[in-house]
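Please open the model in your viewer and keep the sequence panel beside it. The tour begins with the whole chain and then moves from one selection to the next.

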Amino acid sequence: MESEIWENKAKFKAESERNDFSDVALKEKEKTLYYCDICGRSFSQKGTLTTHKRIHTGEKPYHCDICGTSFSLNHHLTIHKRIHTGEKPYRCDICCKSFSRSCELTTHKHIHTGEKPYHCDICGKSFSGSSNFSRHKRIHTGEKPYHCDICGKTFSGSSDLSKHRRIHTGEKPYHCDICDKSFSVSSDLIIHKRIHTGEKPYHCDICGKSFSQASELTKHKRIHTGEKPYHCVTCGKSFSHGNTLTIHKRIHTGEKPYHCDTCGKAFSQKSNLTTHKRTHTGKKPYHCDICGKSFSETSYLTKHKRLHTGENPYQCDICGKSCSGSTDLTIHVRTHTGEKPFHCDICGKSFSHGNTLTIHRRIHTGEKPYHCDICGKSFSEKGTLTIHKRIHTGEKPYCCDICGKSFSQRPHLAEHKRIHTGETPYLCDICGKSFTQLYNLTTHKRIHTGEKPYNCDICGKSFSENSTLTTHKRIHTVQIFLIKPLSFKLAMSSSDILAV
């Protein structure tokens with residue numbers, strides 16, 4: 001019994017000593033915690049607190065001696081310097097691809113494993129990288145915590161802000177070692193290099209088509225699925241790509257953020273500005289390998305090549321008509337739907353195509369931006385200038401495949417062909433007579449209406465055709481020609497009489 005008491009006393013003593021030691025350790029631990037005096041957050045190391053405080057102060061003590069960019073952490077500077085040195089120390093042991101950051105390698109490996117460990121509890125979408133997951137969540141919350149200190153624009157990701165800032169600074173730190181072209185974003189350089197290498201690593205598992213960009217594959221797959229996940233809150237129209245929605249919204253807002261530094265013209269799309277600038281430089285970088293013709297836009301070249309191949313891949317599901325370009329099909333479909341989404345803010349007239357509105361506005365402004373470098377004549381439309389230049393060059397690119405006759409304009413060829421076919425598509429709704437040309441129908445209708453829109457400014461007589469007016473005016477020219485010599489003779493006769 002006595003031994004048990006002593007044993008219990010010993011246990012109690014040992015436990016008390018342990019508790020005393022724990023209290024001391026806890027107090028010691030409390031002494032070693034470092035608290036942020038701004039937000040109250042605690043840290044076990046003083047260095048970690050110092051680094052944390054830079055979030056509040058904005059201090060960036062580590063500077064890149066090559067480009068001058070500053071960082072709050074030395075580690076971030078080390079990673080940044082690899083942009084300049086090209087160093088990529090982290091290598092994938094499956095495909096041998098190299099990366100400048102270990103986290104990039106970890107995310108990359110998920111491509112091989114198919115692992116997507118980050119799941120969105122709102123929409124169920126999965127991600128292979130934590131940064132992509134965090135950024136995705138902001139789609140649901142609408143959070144945009146990164147602010148541009150120059151223009152105030154906000155972004156959901158820090159990388160988006162960094163890219164955006166380069167719009168203001170003009171910085172393009174990523175250079176192509178093949179053609180020396182520079183880019184503001186590293187991913188743009190990677191994609192660009194595939195133009196030189198021809199690499200298309202992204203394959204469609206439905207039709208087998210390959211793409212140089214993952215985003216292009218994602219967008220392409222929606223052709224098969226019909227998915228259009230991006231919706232316009234103004235008009236309800238849906239789109240298969242987020243960027244297309246952004247551009248579409250500018251139709252409603254009128255926003256044109258891209259300005260030409262030569263003439264000041266503004267555009268809603270960056271690609272349109274790039275293309276527009278070629279009107280000033282005359283640059284046509286896209287060449288047809290069949291006929292050698294050059295174009296300022298790759299889409300023009302693609303469409304042009306279909307003249308050689310006869311390909312018309314875009315088909316109207318209403319009437320079955322085939323078009324060589326997707327924009328041609330979109331415009332054509334509007335002939336069925338009657339849709340005219342482009343409105344003139346001066347007279348209110350509506351148009352089915354944006355380019356038609358641009359040309360129409362020049363009626364109000366008097367603008368004629370296309371100048372002939374041979375005679376100096378100006379035009380409101382580029383196509384009109386092209387046709388006009390053929391007067392000087394004598395070019396007649398449209399040939400009749402029946403008789404070989406050539407024409408400077410496509411409509412003239414179409415009219416000519418009706419001589420061979422006997423086609424008379426323009427029908428008078430009053431008497432039923434038909435014509436090969438719309439102009440002839442318009443002139444014919446004046447027989448029924450009695451309209452005579454062409455007036456002689458000498459005698460006031462009116463005519464239904466301009467050519468008849470021109471012929472009529474010669475009567476006055478002949479009269480003037482005859483009257484003048486007669487007047488001269490009469491004057492001479494008078495002077496002779498006076499002399500006598």
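With the whole chain selected, note that buried residues, meaning those under 20% relative accessible area (exposed is over 50%, partly exposed in between, with a 1.4 Å probe and protein chains only), make up 19% of the 500 residues. This is a predicted model, in which local features need pLDDT of at least 70 and side-chain atom pairs count only at pLDDT 80 or more, while totals for chains, interfaces and linings use all residues. Residues are numbered from 1 along each chain as its sequence is written, and side-chain values use heavy atoms, with hydrogens and water left out.

Colouring by secondary structure brings up 17 helices and 32 strands, taken as DSSP runs numbered from the N terminus (helices H or I, at least four residues; strands E, at least two). Of the contacts in the chain (heavy atoms within 4.5 Å) with a separation of 6 or more, 2% are accounted for by residues 24 or more positions apart.

Select Phe342 next, in strand 23, which spans residues 342-343. Is Phe342 buried or exposed? Phe342 is buried, because its relative accessible area is 18%. Leaving aside residues up to four places away in sequence, Phe342 touches Ile251, Arg334, Lys349, Ser350, Phe351, Ser352, His353, Gly354 and Leu357. If you also pick His252, which is 90 residues from Phe342 along the chain, the two C-alpha atoms are separated by 9.9 Å.

Move now to Cys96, in the loop between strand 5 (90-91) and strand 6 (98-99). Its phi is near 70°, a positive value in a residue other than glycine. Most residues other than glycine have a negative phi. Cys96 counts as partly exposed, because its relative accessibility is 43%.

A further positive phi, again near 70°, belongs to Asp180, in the loop between strand 11 (174-175) and strand 12 (182-183). With a relative accessible area of 63%, Asp180 is exposed.

Finally, select Lys181, which is also placed in the loop between strand 11 and strand 12 and is partly exposed, with a relative accessible area of 46%. Which residues gather with Lys181 in a patch of positive charge on the surface? They are Lys172, Lys270 and Lys283. Such a patch is made of residues with over 30% relative accessible area and no salt bridge, like charges being joined within 9 Å; a salt bridge is a side-chain nitrogen of Lys or Arg within 4 Å of a carboxyl oxygen of Asp or Glu.

Notes
Patches are made of residues with over 30% relative accessible area and no salt bridge: like charges are joined within 9 Å, nonpolar side chains (Val, Leu, Ile, Met, Phe, Trp, Tyr) within 5 Å. Accessible areas come from the Shrake-Rupley method with a 1.4 Å probe; for residues, only the protein chains shown count as cover. Lys and Arg count as positive and Asp and Glu as negative; His and the chain ends are not counted. The place of a charge is taken as NZ of Lys, CZ of Arg, CG of Asp or CD of Glu.
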